[in-house]
Amino acid sequence: MVPDHGWVDTLNHKWDLGIVKEEACKFSELKLQAETEQRPHKVSFYVDKSKAQEVTKELSRRFEKRGLDVKIIYSGGMDLDILPQGAGKGQALAYLLKKLKTEGKLPVNTLACGDSGNDAELFSIPDVYGVMVSNAQEELLKWHAENAKDNPKVIHAKERCASGIIEAIGHFKLGPNLSPRDVSDFLECKTENVNLGHEVVKFFLFYERWRRGEVENCEAYTASLKASCVSIVT
């Protein structure tokens with residue numbers, strides 16, 4: 001792992017870990033989460049849902065008074081994270097996309113996937129597709145209803161967990177969203193974005209079926225595989 005110094009500089013702006021811990025620990029309502037959940041630029045607590053809004057408001061006032069610029073994110077009905085204003089999943093994604101573009105490596109398509117409140121800002125990044133899985137938490141669904149209900153690039157999937165992500169890949173036509181092992185007829189399995197790994201798996205499955213004598217229209221399948229390979233190379 002190599003640190004990105006440009007991103008670290010962004011996080012350090014008006015951030016002081018010592019002051020954050022000092023002020024937050026004055027609130028008896030906050031219970032510090034395990035050490036594994038803490039970061040140099042993130043302090044995480046548990047707080048009862050009934051106290052979250054009141055504590056967040058007072059914490060923000062105290063941090064501002066001490067010259068810090070932070071954001072407080074409440075999610076999952078119990079988790080409260082304190083981060084630099086420039087931090088967060090959305091800002092990290094925007095920074096990464098900008099850096100990749102500068103280096104001439106901008107992805108063709110980007111899909112942001114989420115299930116809790118701290119994922120909301122991912123869906124605000126321009127030119128990024130977004131999916132909230134069907135079992136997304138209440139605060140994320142509320143955010144979607146208030147901010148992204150009419151955004152065609154952000155959907156609330158009908159499927160749960162990883163199945164919701166697979167659903168979104170198919171919905172936005174970002175690539176194959178069906179395992180090759182579940183395809184009964186490869187000639188009917190066409191995608192707009194050809195994926196090398198997917199085609200390799202298709203080839204070996206075709207080879208297995210051919211050896212077992214299960215392929216009746218061998219020439220047509222072979223031609224289809226060749227065409228896919230040519231598309232990948234070009």
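1. In this note a helix is a DSSP run of H or I that is at least four residues long, and helices and strands are numbered from the N terminus. On that footing K51 belongs to helix α3, and because its relative accessible area is 37% K51 is described as partly exposed. The C-alpha atom of K51 is separated by 9.9 Å from that of M78, a residue 27 residues apart from K51 along the chain. The reader should keep in mind that the model is predicted.

2. The largest nonpolar core has 18 residues, and the members that touch the most others are V20, L30, F45, L59, F63, L80 and I82. Two or more residues of this core come from each of α2 (17-24), β2 (43-46), α3 (49-65), β3 (70-75) and β4 (79-84), and α3 gives the most, with 4 residues.

3. What does L59 contact once its neighbours within four places in sequence are left aside? Under that condition L59 is in contact with E23, A24, F27, L30, I72, L80 and I82. A second core, separate from the one just described, is made of 14 residues, among them F123, W143, A148 and V154.

4. Strand β3 also holds S75, which is buried, with a relative accessible area of 4%. When residues up to four places away in sequence are not counted, S75 touches G117, N118, Q137 and E139.

5. The count of salt bridges comes to 12. In one of them the side chains of R66 and E22 meet, at 3.0 Å from N to O. Because R66 lies in the loop between α3 and β3 while E22 lies in helix α2, this pair ties together parts that are 44 residues apart in sequence. Both ends are partly exposed, R66 with a relative accessible area of 35% and E22 at 39% relative accessibility.

6. Another salt bridge joins the side chains of K49 and E138, at 3.6 Å from N to O. Here K49 is in helix α3 and E138 is in helix α5 (residues 138-147), so the pair ties together parts that are 89 residues apart in sequence. Are K49 and E138 buried or exposed? Both K49 and E138 are exposed.

7. A further salt bridge, between the side chains of E58 and R62 at 3.0 Å from N to O, stays inside helix α3, where the two residues are 4 residues apart, or about one turn of the helix. E58 is partly exposed, with a relative accessible area of 24%, and R62, at 25% relative accessibility, also counts as partly exposed. Salt bridges with shared partners join E22, E23, K26, E58, R61, R62 and R66 into one network.

8. On the surface, a nonpolar patch is formed by L196, V200, F203, F204, Y207 and W210, which together have about 620 Å² of accessible area. F204, one of these residues, has its place in helix α7 (residues 196-211). With a relative accessibility of 48%, F204 counts as partly exposed, because that class lies between the 20% limit for buried and the 50% limit for exposed.

9. How many disulfides does the structure hold? The number of disulfides is 0. As for individual cysteines, C113 is partly exposed, with a relative accessible area of 29%, and C161 counts as partly exposed at 41% relative accessibility.

Definitions and conventions
Residues numbered from 1 in each chain as written. Predicted model: local features only at pLDDT ≥ 70, side-chain atom pairs only at ≥ 80, totals over all residues. Heavy atoms only, no water. Disulfide = S-S within 2.5 Å. Buried < 20%, exposed > 50% of the residue type's maximum accessible area, 1.4 Å probe, protein only. Core = buried A, V, L, I, M, F, W, Y, C linked by side-chain atoms within 4.5 Å. Contact = heavy atoms within 4.5 Å. Patch = residues over 30% accessible without salt bridge, like charges linked within 9 Å, V, L, I, M, F, W, Y side chains within 5 Å. Areas by Shrake-Rupley, 256 points an atom, 1.4 Å probe, with all protein chains shown as cover. Salt bridge = Lys/Arg side-chain N within 4 Å of Asp/Glu carboxyl O.
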